[in-house]
Every structure is written in C-alpha cells, then in structure tokens.
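Trainee: I have a new model open and I'd like to learn how to read it. Can you walk me through it?

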Amino acid sequence: MQDTADREEMLTVEIWRGREDGALQTYRVPRRESQTVLDVVTWVQRNEEPALAYRFACRVGMCGSCAMQVNGKPRWTCRTHVSRVAENGLLRIEPLANLPRIKDLATDMAPFFEKWQGARGRHEPTRTRHEPMAPVSSESPARKAANAGIECINCAVCYAACDVVGWDENYLGPAALNRAWTLANDERDADKAGLLQAVSQGGGCHSCHSHGSCVEHCPVGLNPTAGIAGLKRMTLAALMKGEL
Amino acid sequence: MMRASRNYPGWWAALGHRLSGLALALFLPVHFLVLGLALDSDAALDSVIAWTDQPLVKVAEWGLVMLLTLHLGFGVRVLALEFLPWRDPLKTLISLGAGASVLAGLLFWIVAL
C-alpha cells in the first residue's frame, strides 16, 4: 500500500535565491486547502530552506510587506490563493520587479519610499494642533477624489507593474503620485503650489503613459492612473493661470 | 517574451496605438510622394491610381484604413482617460473602438468592390 505522503498532491515551486546574479531553485511543496502563496513560501522556509529571506508581517492584506512576483505578475502573496495563480501545479516566485534585490525574495524598498518624498507626499498642515479641526465636507468633489485614493497600503505592486518605472529611473511611480493626488485634493494641505511643482518636474505625472498597469494590479482596487490624469489636468490648469 | 504583467486589454491597446502610429508614419511619406505626382502631370498620378487597382494593393489599402481607424480609436481613448472624469468600463471603450475600426474596414471593402 502506498504511503499517504506519496499520494499527497504536490506543488512545484521555483523560488529566486540570491541577489541580482542569483538563480531559481525548485522545491516540492505539499498542496493544502485555502493555501496562499505566502503559506507556500513560509512552508519552504520552515521545512527546506531556513536561510530563505522574505518579508511579511500582518498576513491579512493590511501591511503591504509581502508583495512578490508570482508567475510573472506582482501580487500581495498573503491574499493570493494558490488555486487562483498556479499554472499546472507550478508557481514561480521572484522578488518584486523594478526594485534592487537584497537577498532571495527581499527587495530594497528605499527607492520606492524616496519617491514618496520626491512627490512631496508629506502633509503640510494649515493649522496647528492648538487650533480647532478644519471642517471638511465628505460630500465635496475634492474630498471624494481624495477618499478614492487613500487606502494605499504601500505594497509597491503598482511600482513593480509599471512600464514607465522600468524605463525611467527618475519616474516617481503610481503610488507616490497617487499619494500626491490625495494631498492635492485635501483642503487642509497648505502647500498646493509646492506639490504641483514637485509632481510636474521631470519624472513626474507627465511621464505617465496611461497604460493602466497600476490599476490592473493594485490589490486594494485603487486607480492611480485616474489620479495621475487628475494631476496632469491640475498642473496644466495651474500653468495656464501662471501659478506654476 | 511577453511579460505576464502586461497581458491585459489596456496594454494591448497602448501597444496597438504605438505600432499603428509607427506604421502610419512609414506610409505617410509615400502618400505625400504620390500626391506630389499630381503636380507633375495627370498621367503620372493616373498610372499610380491604376496600379492601386490590383487586388494585393487593395488589401494593403484595407490595412491602412484599419491602421488609421485603430490609431484614431486608441488615441481618443488616451484623450478620454486623461481629460475626462474616469470611467470604469474602459475595456468596453476599447472593444467599441476596435469594433468601430473593423466596421470601417468592412465599409472600405464594400466601397472598393
């Protein structure tokens, strides 16, 4: 009689090991019900490859730290079920594209976050904490536009999916520009001119080709392309009025 | 090889827009050259027009009509998504544009034959 383990359904999993000059290594991982890609990576780390480097924290799609390339597409691995992405029982897991590789599945996220600074992603307040809170109507069109973009979890999936990020190292990328768009629509932000200046420079919103890869891949369903198009219109209007 | 992360309608539309634009850019000098012939003499232009009656050239002309309408459709798509408030059924817009260019191609056949 055959052993149970032999009859167990197995996945063939290729995982990137090393830095830029690394290689894919193949593992056999038992298939489980409701298994996520992050479960697969964790299984390999616990059972086969204790030195495997990868990032995760919350495992419920909030922290944005576990994004990887899965069969060529950037995805949040904790919320990606194997059943949805495995192709004939095969998974190929690589570090996020468009970012420097540190080790195995961990990338250096510094360029991604530096671009948030480049897009002036920091809120500049109009009031101090000693003043009463600014009344903001949730019904105003600007607030609705801002609300549509504020749920970003900084996972860099859009950054890895974007063609322009791959072509132009100065391009700020969808996440940073989406952040700028939410600030541009925030009535409480004090430095709109500085913001529009930051996003209209070389590598800013006008570099976007509107391919829409960010929209296609964003795990939380945001639409950075729409925000970037909004910034294009806003900067153009500011230029016409002589404010830029 | 095609990257998996690029296989979605918007990317194909962007690729179609660029390739049709490139092909049209190659065709335009020839087009102006032929128009320029009319300045020289009727006969020169007429001989080119007679040459275009060949079936193979007709197929090429059909290709040009398709390229022009595809380029127009994909260009209008870019303008729409950059200058109009965002519409979610973008895929429907792409299909409509592609459908319109196929119709234009069919119309060309009906007129040409």
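Mentor: Sure. Let's begin with what counts as an element: helices are DSSP runs of H or I with at least four residues, strands are runs of E with at least two, and both are numbered from the N terminus. Keep in mind that this is a predicted model.

Trainee: How many helices and strands are there in chain B, then?

Mentor: Chain B has four helices and zero strands. Along the sequence that reads as α-α-α-α.

Trainee: And which elements of chain B have the lowest and the highest mean pLDDT?

Mentor: Here's the general idea: where pLDDT is low, don't read the predicted coordinates in detail. Now the case here. Chain B averages 82, and 89% of its residues score at least 70. Among its elements, helix α4 (residues 90-112) of chain B has the lowest mean, 72, while α1(B) has the highest, 88. For the model, the scores are ipTM 0.77 and pTM 0.88.

Trainee: What span does α3(B) reach, and what would be expected?

Mentor: α3(B) has 29 residues, and from its first C-alpha to its last it reaches 42 Å, close to the 42 Å expected at 1.5 Å a residue.

Trainee: Which residues of α3(B) are buried?

Mentor: For burial you count C-beta neighbours: 20 or more within 10 Å makes a residue buried, 12 or fewer makes it exposed. The buried residues of α3(B) include Leu67(B), Leu70(B), Phe74(B) and Leu81(B), and also His71(B) and Arg77(B). Across the 113 residues of chain B, 15% count as buried.

Trainee: Where does chain B touch chain A?

Mentor: Let's take the counts, then the elements. Twelve residues of chain B are in contact with 17 residues of chain A. On the chain B side, α1 (9-40) and α3 (55-83) each supply at least two residues. The largest share, four residues, comes from α3(B). By class, that side of chain B has eight nonpolar, two polar and two charged residues.

Trainee: Over to chain A. How do strands β1 and β2 of chain A run?

Mentor: They run antiparallel: eight bridges join β1 (residues 10-17) to β2 (residues 23-30) of chain A. As a landmark, Glu14(A) stands opposite Thr26(A) in β2(A). Five residues lie between the strands of this hairpin, where Gly18(A) takes a positive phi near 100°.

Trainee: What should I make of a positive phi on something other than glycine?

Mentor: Most residues other than glycine have a negative phi, so a positive one is worth a look. Asn88(A) has a positive phi of about 50°, and it is found in the loop between α3 (82-85) and β5 (90-94) of chain A. Arg120(A) has one of about 55°, in the loop between α4 (110-118) and α5 (141-147) of chain A.

Trainee: Is Asn88(A) buried or exposed? And what about Arg120(A), buried or exposed?

Mentor: Asn88(A) counts as exposed because it has 5 C-beta neighbours inside 10 Å. Arg120(A) has 23 inside 10 Å, so it counts as buried.

Trainee: Last one: which domains does chain A have, and how many residues are in contact between them?

Mentor: The domain assignment gives domain 1 (4-107) and domain 2 (110-240) of chain A. Their centres, taken over C-alpha atoms, are separated by 30 Å. In the interface, 15 residues of domain 1 of chain A are in contact with 15 residues of domain 2 of chain A. On the domain 1 side, β3 (67-70) and β4 (73-76) of chain A are the elements that give two or more residues, with the largest share, four residues, coming from β4(A).

Technical notes
Residues numbered from 1 in each chain as written. Chains lettered and ligands numbered in written order. Predicted model: local features only at pLDDT ≥ 70, side-chain atom pairs only at ≥ 80, totals over all residues. Contact = placed C-beta atoms within 7 Å. Nonpolar A, V, L, I, M, F, W, Y, C, P; charged D, E, K, R; others polar. Pairing = 2+ DSSP bridges. Expected span 1.5 Å × (residues − 1). pLDDT = per-residue confidence, 0-100. Domains from an automatic or database assignment.
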